[in-house]
Amino acid sequence: MALVSARPVPAREAPPPRAARAAVLASATLTLMAAAIIAPGLPAMSEEFAGTPGGGLLVRSVLTITSLTIALSAPVSGLIADRVGGRSLLVSGLVLYAVSGTAGFFASDLYVLLATRAVLGAAVGGIMTAVGATITDWFEGARRASFLGLQQAFASLGGVVFLPLGGILAGVDWRAPFWLYSVSSAVAVLAFVALRERPRGGRGTGPGAGERPLRGRPPQRSGRGRIAGVYLLAFAATLAFYMGPTQLPYLLQDSGNGPGVVGAVVAGSTLSGALGALAFPYLRRRLATTTITAVSVALLGSGWLLIGAAGTVVHVLAGMLIGGTGVGLVVPNLNLRLSELAPDRRRGRVLSGLVTGIFLGQFLSPLVLRPLVRGAGPAAAFTWTGGAMTAAAALIGLVAVLAGRTRVSATDPAAHRAASITEMNSGKGAP
């Protein structure tokens with residue numbers, strides 16, 4: 001006789017419409033490339049503002065100040081997402097993105113240009129937080145992992161499309177790439193029409209609710225320590241990865257390569273990042289979170305070691321492809337982990353912390369690594385950073401192995417019997 005559970009099964013909501021999913025994925029394409037889209041034009045921009053005191057560092061800050069304001073604004077965006085919902089935050093962020101991004105074309109003063117880039121960062125922080133909160137509202141379990149991988153893939157594909165365009169346009173005029181930000185206006189219209197706010201407190205009943213948890217990681221609400229650890233890892237990974245757009249333009253220029261080559265090489269990492277993100281749901285069903293983290297950090301370190309030893313553009317491109325694959329894996333992996341740890345009604349705020357960690361790493365990358373780059377040179381800086389990341393990956397892998405053994409010994413009855421026999425033979429188990 002079949003047993004019938006007395007617990008009510010939550011109603012499964014209809015999956016979000018295709019137009020709504022398209023709006024979210026289109027928004028994702030505008031995020032990761034937002035700062036780097038003007039990277040190929042940095043050398044020409046440096047010449048334009050050579051007369052400005054501290055112009056060299058300030059021009060690099062045009063690239064990174066966007067990351068700083070993303071990091072600072074993301075917690076506020078998370079609070080807004082929890083209070084009013086993702087749709088309003090997303091549409092507002094997309095409109096602000098279009099206005100502040102294209103405003104850089106008209107800025108004739110370096111400080112005004114910096115101000116427009118700061119506002120752009122606030123817009124990106126809102127978009128990323130809204131996208132993450134919307135996805136975790138829509139899905140749970142394996143479906144959430146799949147769509148988070150798809151989100152990261154589209155974010156990387158945005159770089160594949162826009163970064164080479166930025167390189168081509170920068171070859172004509174370093175101001176021309178700023179017009180690419182206007183694409184956001186069309187995405188804002190789509191989001192406004194296609195998305196609907198979900199009722200507050202309705203999380204956990206959508207598609208995927210009640211699904212079997214992903215292998216090795218049942219949903220749980222852990223302490224602040226684990227959440228902070230995720231933030232720290234995201235910060236360290238992007239601190240290293242952002243050496244690509246900030247240092248490669250100068251490294252490749254020394255070899256006689258123009259902005260178009262720089263844009264293509266940086267875009268290569270976003271292409272491989274998309275492939276890594278698409279592979280993430282497959283790996284997540286088979287590997288634990290810590291194992292995926294170790295693999296992704298090892299890929300990043302290996303790529304940077306290759307760039308440090310590179311003698312040709314082909315080697316640099318190969319290093320960027322390997323490193324990009326690692327980032328494509330680590331971002332959705334950490335995003336999913338946070339969505340498992342976050343309480344439902346604070347999910348927007350917890351996920352916004354990941355945005356802060358990622359973009360704070362981007363902003364601080366040229367500042368933290370500047371002494372290493374100036375002292376050892378760009379190529380050696382990639383070598384030292386790659387070595388550090390590879391060592392960190394080995395440490396994370398060791399932790400994963402030890403944690404796996406601990407889980408086996410705690411849950412395997414044979415292990416318990418073996419331990420009991422050992423204790424009795426040694427006299428510790430004797431009555």
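This report walks through the fold, the core and the internal cavities of one protein chain.

This is a predicted model, so local features need pLDDT of at least 70, side-chain atom pairs count only at pLDDT 80 or more, and totals for chains, interfaces and linings use all residues. Residues are numbered from 1 along each chain as its sequence is written, and side-chain values use heavy atoms, with hydrogens and water left out.

**Fold and confidence**

The protein chain has 15 helices and zero strands; helices (H or I, at least four residues) and strands (E, at least two) are DSSP runs, numbered from the N terminus. Of its 431 residues, 51% count as buried, where buried means under 20% relative accessible area with a 1.4 Å probe, protein chains only. Take contacts next, meaning heavy atoms within 4.5 Å: of those with a separation of 6 or more, 86% are between residues 24 or more positions apart.

As for pLDDT (the predictor's confidence in each residue, from 0 to 100), the protein chain averages 79, and 82% of the residues score at least 70. Among the elements, H7 has the highest mean, 95, and helix H15 (residues 413-425) the lowest, 46. Two stretches deserve a note of their own. Over residues 201-222 pLDDT stays under 50, yet the model has 63 contacts beyond four places in sequence for them. Residues 418-431 also stay under 50, with three such contacts.

**The nonpolar core**

A nonpolar core here is a set of buried Ala, Val, Leu, Ile, Met, Phe, Trp, Tyr and Cys residues joined through side-chain atoms within 4.5 Å. The largest one has 104 residues, and Met45, Tyr97 and Leu113 touch the most other members. H5 gives the most to this core, with 14 residues. Leaving aside neighbours within four places in sequence, Tyr97 is in contact with a list that includes Leu30, Leu120, Ile127 and Tyr181.

Over in helix H1 (residues 18-28), the buried residues are Ala20, Ala23, Val24, Leu25, Ser27 and Ala28. Their cover includes helix H4 (86-103), H5, H6 and helix H7 (183-194).

**Cavities**

On a 1 Å grid over the protein atoms alone, a cavity is a set of points where a 1.4 Å probe fits but cannot get out, and lining residues have an atom within 4 Å of a point. Grid points are joined across faces, edges and corners, and a volume is the space filled by probe spheres set on the points. By this rule there are three cavities of 30 Å³ or more. Here are two of them.

| Cavity | Volume | Lining | Top contributor |
|---|---|---|---|
| Largest | About 300 Å³ | 22 residues | H6, five residues |
| Second largest | About 160 Å³ | 15 residues | H13, four residues |

Closest to the centre of the largest cavity are Leu32, Phe241, Thr270, Val327 and Gln362. For the second largest, Met128, Gln151, Val331, Asn335 and Val355 lie nearest the centre. In lining terms, Ala, Val, Leu, Ile, Met, Phe, Trp, Tyr, Cys and Pro count as nonpolar, Asp, Glu, Lys and Arg as charged, and the others, Gly among them, as polar. The largest cavity has 12 nonpolar, 10 polar and no charged residues in its lining, and the second largest has nine nonpolar, six polar and no charged.

**Thr356 in H13**

Thr356 lies in helix H13 (residues 347-376). Its relative accessible area is 18%, so Thr356 is buried. Leaving aside neighbours within four places in sequence, Thr356 is in contact with Ala71, Ala74 and Pro75.

Conventions. Buried < 20%, exposed > 50% of the residue type's maximum accessible area, 1.4 Å probe, protein only. 1 Å grid on protein atoms, 1.4 Å probe; cavity = no way out; pocket = protein on both sides within 12 Å on 5 of 7 lines; lining within 4 Å.
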